[in-house]
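Charged side chains repay a careful look, both where they pair and where they do not. The report below follows them through one structure.

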Amino acid sequence: MNQGGCFCGAIRYEVTAPMTAVTYCHCSKCRKWHGHVGAYSAVDREGFRLTESRGLKWHPVSASAKRGFCVECGSSVLFDDSSDTRKTSICVGTLDAPTGLRGKAHIYVGSKSDYYELTDDLLKYDTFPQR
């Protein structure tokens, strides 16, 4: 089981199902949301449970997607797309260590910023890979 939460503790969660390897998103929306690259893992919805949600607020970013953050400390915590009824995404920086996770891929590399380079051997996609 993994646990995590926001900086101040007003959002806490536990994960009891396996999480996907980490996907790094370089789109302009994620960079604005996180202040840099977005790093996400996904988990089956039934394997995710909020244990504290008093600080949770959702910001809609499209007709189906929303981002969950803490209204008390500002931490970016969750990403949820209702068009994917199986999974919810966690901002991996909010997981308590050790996470046991490894990187999988970089997405939206075609819109990454110019102030950093990608030098690892992970998969790289200019947009979002289709399933």
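What follows describes the salt bridges and then one buried arginine.

This is a predicted model, in which local features need pLDDT of at least 70 and side-chain atom pairs count only at pLDDT 80 or more, while totals for chains, interfaces and linings use all residues. Residues are numbered from 1 along each chain as its sequence is written, and side-chain values use heavy atoms, with hydrogens and water left out.

**Salt bridges**

The structure holds eight salt bridges, a salt bridge being a side-chain nitrogen of Lys or Arg within 4 Å of a carboxyl oxygen of Asp or Glu. Three of the pairs are listed here with their N to O distances.

| Positive partner | Negative partner | N to O distance |
|---|---|---|
| Lys87 | Asp44 | 2.9 Å |
| Arg86 | Asp84 | 3.5 Å |
| Lys124 | Asp120 | 3.3 Å |

In the salt bridge of Lys87 with Asp44, distant parts of the chain are linked, since Lys87 belongs to strand E9 (residues 87-91) and Asp44 to strand E4 (residues 38-44), 43 residues apart. Strands here are DSSP runs of at least two residues, labelled E and numbered from the N terminus.

Accessibility is described in three classes, where buried means under 20% relative accessible area, exposed over 50%, and partly exposed in between, with a 1.4 Å probe and protein chains only. Lys87 is partly exposed at 23%, and Asp44, at 26%, is also partly exposed. In the second pair, Arg86 is partly exposed with a relative accessibility of 47%, whereas Asp84 is buried at 14%. In the third pair, Lys124 has a relative accessibility of 36% and counts as partly exposed, as does Asp120 at 33%. Elsewhere, Glu52, Arg54 and Glu72 are joined into one network by salt bridges that share partners.

**A buried arginine without a salt bridge**

Which side chain of opposite charge is nearest to Arg67? Arg67, in strand E7 (residues 65-70), is buried yet has no salt bridge, and the nearest such side chain is that of Asp81, 10 Å away. For this count, Lys and Arg are positive and Asp and Glu negative, with His and the chain ends not counted.

The side chain of Arg67 does, however, make a polar contact of 3.1 Å with that of Tyr40. A polar contact is a pair of N or O atoms within 3.5 Å; within protein, one must be able to donate a hydrogen and the other to accept it, and residues adjacent in sequence count only if both atoms are side-chain atoms. Leaving aside residues up to four places away in sequence, Arg67 touches, among others, Trp33, Tyr40, Trp58, His59, Leu78 and Phe79, where contact means heavy atoms within 4.5 Å.

Conventions: Helix = DSSP H or I, 4+ residues; strand = E, 2+ residues; numbered from the N terminus.
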